[in-house]
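User: I should like to go through the terms used for this structure and the grounds for each of them. Please begin with the strands.

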Amino acid sequence: MAIWNPWHGCRKISPGCANCYVYRRDESIGKDAGIITKTGDYDLPIRKNRQGEYKLSATDGTVYACMTSDFFLAEADEWRQFCWNMIRERKDLSFHIITKRIDRFLQCIPPDWGDGWDHVTICSTCENQDRADYRLPLLLSLPIKHRQIISEPMLGEITLGKYLQTGKIEHITCGGESGPNARPCDLNWILKVRSECMQFGVPFTFKQTGALFIKDGKTYHIERKYQMSQAKKSGYSYDPKQEKRNT
Ligand code: SF4
């Protein structure tokens with residue numbers, strides 16, 4: 001697994017952005033995350049060592065792109081084509097692009113995109129039902145080979161069944177929000193999406209509790225270091241392949 005941040009900085013566009021970790025982290029070191037700049041890692045996928053080998057080898061597997069920005073950010077339009085060129089060249093890797101801007105997808109893809117590229121997964125986020133109902137029909141209608149959904153921070157109860165029943169969603173990840181101003185996440189919301197995933201055989205990951213976690217109506221303050229481990233320990237993640245092996 002590798003992380004590739006070709007540019008850094010972003011613009012807040014929806015409720016899920018309110019406590020964006022990129023802004024929080026930049027503020028803590030006196031930086032303004034609203035300033036968007038290309039990074040020194042811009043050409044990481046094609047960078048080579050002295051032996052002429054790619055620095056990212058095929059064994060790195062999945063490359064998570066733009067984790068401190070959004071790949072489809074308008075401010076990055078002039079930088080993106082070269083990124084697609086690099087992605088095209090590295091078919092031995094698998095690129096995972098998470099976005100809140102799926103509505104910009106068609107104006108951002110390269111001319112030879114066709115029905116999508118096998119080694120590229122597009123993951124749309126949806127923090128609430130309103131954003132799910134705006135973004136997910138787009139995600140489903142676009143020419144994409146691999147589609148995933150992330151609801152993190154999850155800000156309310158969400159119903160995703162009608163999107164899952166299409167059979168076009170490969171994975172859903174849910175989780176709460178971290179940080180000092182974190183909004184609460186209710187276990188019931190997590191379990192609702194989980195049960196829909198089980199109904200339609202879609203793998204589900206409960207990634208983190210967030211800092212304020214509600215269980216049986218009681219709010220728990222969870223320290224950062226336990227937010228992921230507690231979610232993992234809950235055993236709520238679901239893998240249909242594993243279930244099959246166990247039956
Ligand atoms: S889109 Fe993502 S990176 Fe950009 S402001 Fe929103 S949460 Fe932060």
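Analyst: This is a predicted model. Strand β6 (residues 120-125) and strand β7 (residues 146-151) run parallel and are joined by five bridges. Within this pair, T125 has I150 in β7 as its bridge partner.

User: What makes β6 and β7 count as paired strands?

Analyst: Pairing requires at least two bridges between two strands. Five bridges join β6 to β7, so the pair meets that requirement.

User: Which sheet has seven strands, and in what order do they stand?

Analyst: The seven strands form an open sheet with the order β1-β4-β5-β6-β7-β8-β10, and their pairing is parallel. At its edges stand β1 (2-4) and β10 (204-208), each of which pairs on one side only. Direction ignored, neighbouring strands of this sheet are turned by 25° against each other on average.

User: Which helix lies across β1, and at what angle does this helix run to β1?

Analyst: Helix α2 (residues 77-89) runs at about 155° to β1, and lies across β1, β5 (94-99) and β6. Angles are taken between N-to-C directions on a scale from 0 to 180 degrees, so a value of about 155° belongs to the upper part of that scale.

User: How do you know that β9 and β11 are paired?

Analyst: Strand β9 (residues 185-186) and strand β11 (residues 212-215) share two bridges in the parallel sense. The cut-off is at least two bridges, so this pair qualifies. D186 has I214 in β11 as its bridge partner.

User: Why is the pairing in the sheet of β9, β11 and β12 called mixed?

Analyst: The open sheet has the order β9-β11-β12. Strands β9 and β11 pair in the parallel sense, whereas four bridges join β11 to strand β12 (residues 218-221) in the antiparallel sense. Strands of a sheet pair either parallel or antiparallel, so a sheet with both kinds is mixed. Because β9 and β12 each have a single partner strand, one side of each is left without a neighbour in the sheet.

User: What do β11 and β12 form together, and which residues stand opposite each other?

Analyst: The two strands form a hairpin with two residues between them. K215 stands opposite K218 in β12, and I214 stands opposite T219 in β12. In the turn, D216 has a positive phi of about 50°.

User: What makes C66 and the bond before P153 worth noting?

Analyst: Most residues other than glycine have a negative phi, and most peptide bonds are trans. C66, in the loop between β4 (62-65) and α2, has a positive phi near 60°. The peptide bond joining E152 and P153 is cis, with omega about 5°. P153 is found in the loop between β7 and α5 (161-164).

User: Which residues are around the ligand, and how are they classed?

Analyst: The residues are C10, R11, K12, C17, C20, S69, K100 and R101. By class, three are nonpolar, one is polar and four are charged. Cys counts as nonpolar, so C10, C17 and C20 belong to that class. The ligand takes up the space of the largest pocket.

Methods:
Residues are numbered from 1 along each chain as its sequence is written. This is a predicted model: local features need pLDDT of at least 70, side-chain atom pairs count only at pLDDT 80 or more; totals for chains, interfaces and linings use all residues. Side-chain values use heavy atoms; hydrogens and water are left out. A residue is near a molecule or strand if one of its heavy atoms lies within 4 Å of it. On a 1 Å grid over the protein atoms alone, a cavity is a set of points where a 1.4 Å probe fits but cannot get out, and a pocket is an open set with protein on both sides within 12 Å along at least five of seven lines; lining residues have an atom within 4 Å of a point. A molecule sits in a cavity or pocket if more than half of its atoms lie within 2 Å of its grid points. Contact means heavy atoms within 4.5 Å.
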